[in-house]
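Got your viewer open and a selection box ready? Let's take a short walk, one pick at a time.

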Amino acid sequence: MKARRRSQRNTPRDQRIGDGLVLSGGAAALPMSSAARASTPEGFASSVSELPPSPTTEPAATETQTRANGARDALLLAAGRLGDGLRATGQRIRNLSIEQWLWIAVILLGAVLRFWGLGDKPLHHDESMHAYFSLIFAENPSSYSYDPLLHGPFQFHAEGLMFAIILVLQHIFVPNPVGNPWINDTTARFVPALFGIGIVALPFWLRRELGRVGALVAAFLLAVSPSFVYFSRFLREDIYFNFFMFLMVVCAIRYARERRMRWFVGLFAATILAYATFEGIFLTFVIFFSFLAVLLVWELAHSLARAFAPAFTERESLLVSRLALFLLFGAIAAGAAYIALHKMNELATYIATNTTKTDVQVQQLENTSVALLLYGSIVIALLVIGTLLWQMYRDDPRSRYGAEASGRYAEEYDEEYSGHEFHTHEDDAEGEHQHAHFAHEHHEHQHAHFAHEYHGHEHHEHHDEAYLDEDEWPLAQRRTLFARLRDRLDPDKQPFLRLLLGISWVKWFVAFVVAWMVFAVLYWIVPGDANSTVSSWGQGFQVGIGRGLWQGLYYWLEQQHVARGGQPWYYYLLLIPLYEQLAVVFGIAGIVYSLFRPTRFRIFLIWWFLGSLAIYSWAGEKMPWLSIHILLPLMLLAAVALDPVVRGCMRVIARVAHDGVPVSTLLLRPIGRAASSIAALVVLLPALGGVAALSRRNEGLRPRATDLRDRADSRYAMLRATSLKPHVPLLGALAALVLLVPMLYGMLTLTQKDAANAPHEMMVYVQTWTDVTKIMNRIQYADQMMYHGQHKIRIGVGPGMEWPFYWYLRDYPNAVFGYQAHDPNAQPMDVLILQPAGDTYGNDAQGFATAHPTGYSMKEYVLRWWWSEDYKPVYTPNSSTAQWGFGVGVGSYLSYGSNPPPNAKFNLGRATGRLWAWLWTRQELGDPHGSTDFVFVVRDGLPISAK
């Protein structure tokens with residue numbers, strides 16, 4: 001294949017084009033002059049000779065004919081290229097493997113689940129804000145500046161870009177539209193749906209760590225997960241952050257394996273994008289960097305163990321060094337965590353009580369930081385320029401040769417490594433050992449080869465070193481310091497340390513530049529008119545970059561005492577199992593499997609999951625959309641457990657196909673063996689107890705004790721003989737299928753069947769009800785009947801009703817927000833949307849009815865409603881945690897609902913029955929009547945009514 005491609009590349013372009021024209025048939029061949037015919041190859045000339053003879057006397061070609069011939073030639077050439085491209089595409093499709101087709105199928109499944117009925121439910125309160133401000137940003141880029149209240153700025157840039165593309169297409173295909181008909185609830189959710197598909201695809205780059213089957217399983221679980229599907233159809237920043245967090249992990253692992261620039265730069269870019277998406281990146285940093293710190297200490301122990309070598313054995317010295325380092329690291333980490341938490345609590349309290357003062361202090365900090373960042377960037381640029389000049393004119397030949405050799409080694413190793421990508425992986429210790437042995441042998445071979453070449457240049461290198469000035473020696477030594485340290489490390493036992501010391505300054509610099517450019521583009525404020533936030537590009541840089549550096553952390557600290565949502569610590573332990581049954585069961589199995597058969601990646605997944613569960617349960621704000629950050633590593637752990645299960649089932653299928661073993665036998669045998677094992681265990685334990693009792697009696701009963709001991713030994717042998725190991729894959733697959741059924745049913749119910757049914761879905765939390773869509777359809781109909789669809793209907797929106805109606809009334813210029821409903825002299829409106837009651841100044845439905853007793857009709861509708869939160873703990877007077885209400889306790893809630901009887905206790909039977917009823921019929925667990933309402937008011941004489 002490679003030889004054929006090289007021959008095609010070496011073939012002149014004109015010759016290839018000519019071949020294509022001749023092979024396309026005689027009609028595609030062009031007339032040739034006699035001189036040209038004489039100069040052509042024999043075979044080509046023979047094909048041309050078969051054409052009809054041309055007239056003896058040819059008239060002079062006109063300019064029109066010349067242009068026509070040129071157009072025909074261009075058309076034939078384009079047709080030939082198109083045909084070649086289609087044939088090549090068809091060949092690539094035919095060459096796709098079964099694994100590749102499965103990946104395509106899983107990604108398509110994820111796409112269908114995320115885009116089907118994407119606009120069926122109205123926009124949530126937060127969604128409406130994100131969509132509205134993104135649309136304003138698309139229409140006027142100077143209107144946006146980073147505000148941590150709404151998170152970002154990435155989501156507004158991404159959503160604004162999508163809206164800008166849609167507006168351009170709308171302008172092309174819809175002449176003179178009224179408003180923006182292509183901007184709606186469906187198109188507003190395009191971006192999160194696309195990122196949800198990206199999350200499904202990312203396990204493809206973890207096939208070596210998860211296994212080829214395990215990666216597919218992980219992609220499938222992410223594709224059908226109720227939580228991931230739901231929040232991929234939800235316009236919030238969490239799905240973007242989850243994607244970038246996952247991308248950080250993928251880039252880090254791929255770079256550790258391949259050492260390629262693109263993965264290192266991708267790691268930094270993904271980190272900046274995650275930072276620019278959600279302030280939860282600070283929690284992610286704690287989890288990731290703590291694992292890297294533990295890994296660093298683990299590997300440093302090998303170096304420290306050498307100091308204990310004379311007094312201890314190798315294993316003892318390693319144990320002592322690890323204990324010493326981990327005790328030291330634990331003490332330092334505990335002290336740092338205590339100080340950090342204490343300072344954070346102090347800062348949060350200080351900010352809450354001195355907000356005005358801290359705002360000024362943070363503004364000063366922003367200005368100082370921007371100046372330091374600019375000067376620091378200039379210094380780094382000068383250092384890089386100086387280093388490049390130094391390498392150009394004063395470079396050490398030995399270092400230069402070593403760098404070239406290292407580059408050649410990396411390229412050769414990458415080529416050979418990539419060639420073994422699908423052949424070196426086995427999801428067990430033996431496969432990993434074989435891969436490490438292959439890499440080590442390759443490394444040793446290359447090292448010996450380069451050492452031989454290096455010694456051949458030894459005399460020349462010493463000659464160059466003799467001409468170095470005395471002041472230049474320290475600089476030359478510093479250039480090789482990291483290399484010398486790296487050479488002292490064990491490549492098998494200290495790969496992480498070798499990785500860190502092997503990253504060149506060029507990669508650090510390129511990654512810094514890319515990260516800095518991404519950060520500046522996202523936070524830089526575009527200047528506008530006098531009403532804009534900034535008036536110049538320089539001011540936009542200073543204000544935008546300063547806010548980007550500190551406002552996210554400042555807002556996060558400010559919110560810690562707010563504890564938005566007021567959820568208890570067990571919130572996620574209740575929420576996640578309600579929807580992710582398969583992920584929970586096999587995720588726990590994956591933890592156990594990973595502990596018994598550990599790799600660094602599996603241990604990292606355990607650390608990631610447990611750290612996320614702990615830190616998000618500790619954080620003040622707990623919301624359902626944050627659960628996907630806990631679920632992501634759990635999904636990967638479930639894939640780790642399911643990988644051997646699926647591969648085992650594939651071996652069983654192969655056995656059935658090859659040996660003709662009945663499937664019923666394979667399915668019934670595990671149950672029989674399990675029953676025999678349990679029976680053997682039941683007999684074994686009393687036998688062992690009898691042996692122990694009889695051993696304490698007189699010698700006369702010794703023969704009987706011996707008989708019982710022999711019987712126990714035989715039962716123990718039978719127990720071992722009835723091992724379940726050969727049948728674990730079938731049992732595991734059966735359990736997975738059983739758990740997959742409620743998971744899929746819950747996903748379809750949550751996202752398709754009843755997507756806005758918040759009182760029956762804990763994952764929904766709070767949701768705009770379809771009454772909003774119903775009222776908007778009436779307003780649209782009235783405008784069509786009264787003003788021919790020109791959006792001229794007059795609409796009044798009272799205080800407290802701004803969201804989501806800012807979004808839904810975006811194309812109605814006569815909509816007045818903050819309408820003074822109590823004022824009888826206020827501008828008359830055709831329809832109004834007001835609070836039922838409770839406005840401080842009477843601008844609600846009651847105030848309007850008092851001011852306008854006649855001429856209008858009105859009716860109350862549901863604006864948004866929510867899941868009952870009576871699972872919260874019972875009120876205690878000494879509770880120091882900020883709470884948004886209290887409940888009856890999780891045990892009473894699960895057993896009896898929102899109104900348990902006096903002195904009710906947790907009842908397992910009742911709780912199980914109620915959970916089962918909710919799982920299949922969505923029977924509410926608590927009070928379903930919590931809602932926020934609005935009143936729709938209609939002027940008499942309109943073609944619609946309020947009722």
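Start with the second largest pocket of this predicted model, whose volume comes to about 810 Å³. To land at its centre, select V286, A340, L341, M344 and W556, the residues nearest to that point among the 29 that line the pocket.

Now colour the elements behind that lining. Those that give two or more residues to it are α16 (281-305), α17 (314-353), α18 (355-394), α26 (537-559) and α29 (600-618). Which of them gives the most? That's α17, with 11 residues.

Before you leave, try colouring the lining by residue class. How many of its residues are nonpolar, polar or charged? You should get 26 nonpolar and 3 polar, with no charged residue in the lining.

Next stop: select residues 831-834, which is strand β4. Show the side chains. In a regular strand, they alternate between the two faces of the sheet. Here V831 and I833 sit on one side, with L832 and L834 on the other. Are these four buried or exposed? They're all buried, so both faces of β4 are covered.

Keep β4 on screen and add its partners. Strand β2 (residues 795-797) pairs with β4 in the parallel sense, over 3 bridges. Zoom in on G796 and you'll find L832 of β4 opposite.

Then bring in strand β6 (residues 931-939), which pairs with β4 in the antiparallel sense over 4 bridges. For a last pick, take L834: the residue standing opposite is V935 in β6.

Definitions and conventions:
Residues numbered from 1 in each chain as written. Predicted model: local features only at pLDDT ≥ 70, side-chain atom pairs only at ≥ 80, totals over all residues. Heavy atoms only, no water. 1 Å grid on protein atoms, 1.4 Å probe; cavity = no way out; pocket = protein on both sides within 12 Å on 5 of 7 lines; lining within 4 Å. Points joined across faces, edges and corners; volume = space filled by probe spheres on them. Nonpolar A, V, L, I, M, F, W, Y, C, P; charged D, E, K, R; others polar. Buried < 20%, exposed > 50% of the residue type's maximum accessible area, 1.4 Å probe, protein only. Pairing = 2+ DSSP bridges.
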